[in-house]
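Student: Could you take me through the aromatic rings in this one? I'd like a close look at how they pair up and where charges sit over them.

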Amino acid sequence: MAAAVASSCCASTSARPLVRRAGSRSGKLWWAGGGRKARLLSISATAAAPSGVDYAAGTGAADDDAVAALKVKLLSAVSGLNRGLAASQEDLDRADAAARELEAAAGGGPVDLEGDMDKLQGRWRLVYSSAFSSRTLGGSRPGPPTGRLLPITLGQVFQRIDVVSKDFDNIVDVELGAPWPLPPVELTATLAHKFEIIGTSSIKITFDKTTVKTKGNLSQLPPLEVPRIPDNLRPPSNTGSGEFEVTYLDGDTRITRGDRGELRVFVIS
C-alpha cells in the first residue's frame, strides 16, 4: 500500500520541476506551477524509534540452566560412593570441586535461611558425606566403625526437619550382623535434636534423645529410648551440639558444610 502511494505521488509530480524561490535563503523547495502560484513542498522525515531490546532477556533462564547442569554434575560425582563410605581422596576432591561450582553459580553468597525457611521443611535423604570416608558412622566425630571390625551395615540416612516445632531428627537405618544361623537385626535409630538459626545461613542443633526401633521380624517390639550419657562421662569432643552452614538450598537439593569441614549433600525424599 505504501509503495503504491509513493509511486502515484512520484508519477504525478515528476514532470514539474522543483525550484528555489528567488531571495530565499532557506533550503525549502517549491513546485513550479506554471501560471499558478508556486506551492511549498514540505518534506519531513521521522526516524522510527528503535524497538526496545532487553539485553538481559533470557539470562535468568540461562542461569537456571547452568545451575541445573551443575547440580547434575554434583550428583553424578557423588553417585556410587555409598554415601561417602567408599570415597577415595580423589573422589573427595572431585565432589568438593563440584559443590563449590554449584555454590558459586547460585550466587556465591550466604543462603538467607530466614527468607527461605520453608525450603528446609521436609524429609531429606543424605546422598553424600565426606565425613563417612573416615569409615566411621560418626564421621569426624567419634562413632562406631564400619567394616570387618564390627558387623554394622549402614542403610539410608535421612534428616527430618520441622520448621514450626524446630525439630531436627537424624534418622539412620542400620543392619547389625548376628552369629549364624541367626538373621541380621535391622533397626532404625532416630537422633532427635532441636535447631536454631545462627546468623543468616548457619544452623545449630542441640541433641535431645536417641530412639531405636527394630524392623523386619522384630518390628513388633516397642521403640527403645537409649539412655543418655551423663555430661560428666561424655568425651569432651561430644558436646551434644553442633553447627553447620547451609551453602546451597533449593526445593530439592541442599548442601551443607559442617563445623569440622564436612561436606554433605541431601536431596528431598
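Tutor: Here's a walk through the aromatic pairs, followed by the charge-over-ring contacts. Keep in mind that this is a predicted model.

The count comes to 2 aromatic pairs. Take Phe168 and Phe195 to begin with: their ring centres are 6.1 Å apart and the planes make an angle of 65 degrees, which puts the pair in the edge-to-face class. Phe168 belongs to strand 6 (residues 167–176) and Phe195 to strand 7 (residues 185–198), so this contact ties together parts that sit 27 residues apart in sequence. Both Phe168 and Phe195 are buried.

Now swap the partner. Phe168 also pairs with Phe244, with 5.8 Å between the centres and 50 degrees between the planes, so this pair is tilted. Edge-to-face needs planes over 60 degrees apart, and stacked needs them under 30. The link here joins distant parts of the chain: Phe168 is in strand 6, while Phe244 is in strand 10 (residues 241–249), 76 residues away. Phe244 is buried, as is Phe168. Put the pairs together and you get one aromatic cluster made of Phe168, Phe195 and Phe244.

On to the charges, where the residue to look at is Arg254. Its charged end sits over the ring of Trp124, 4.8 Å from the ring centre. Arg254 also lies over the face of Phe266, this time at 4.3 Å from the centre of the ring. If you're clicking through the model, pick out Arg254 and then show Trp124 and Phe266 alongside.

Methods
Residues numbered from 1 in each chain as written. Predicted model: local features only at pLDDT ≥ 70, side-chain atom pairs only at ≥ 80, totals over all residues. Heavy atoms only, no water. Phe/Tyr/Trp six-rings, centres within 6.5 Å; stacked < 30°, edge-to-face > 60°. Helix = DSSP H or I, 4+ residues; strand = E, 2+ residues; numbered from the N terminus. Buried < 20%, exposed > 50% of the residue type's maximum accessible area, 1.4 Å probe, protein only. Lys NZ or Arg CZ within 6 Å of the ring centre and 35° of its normal.
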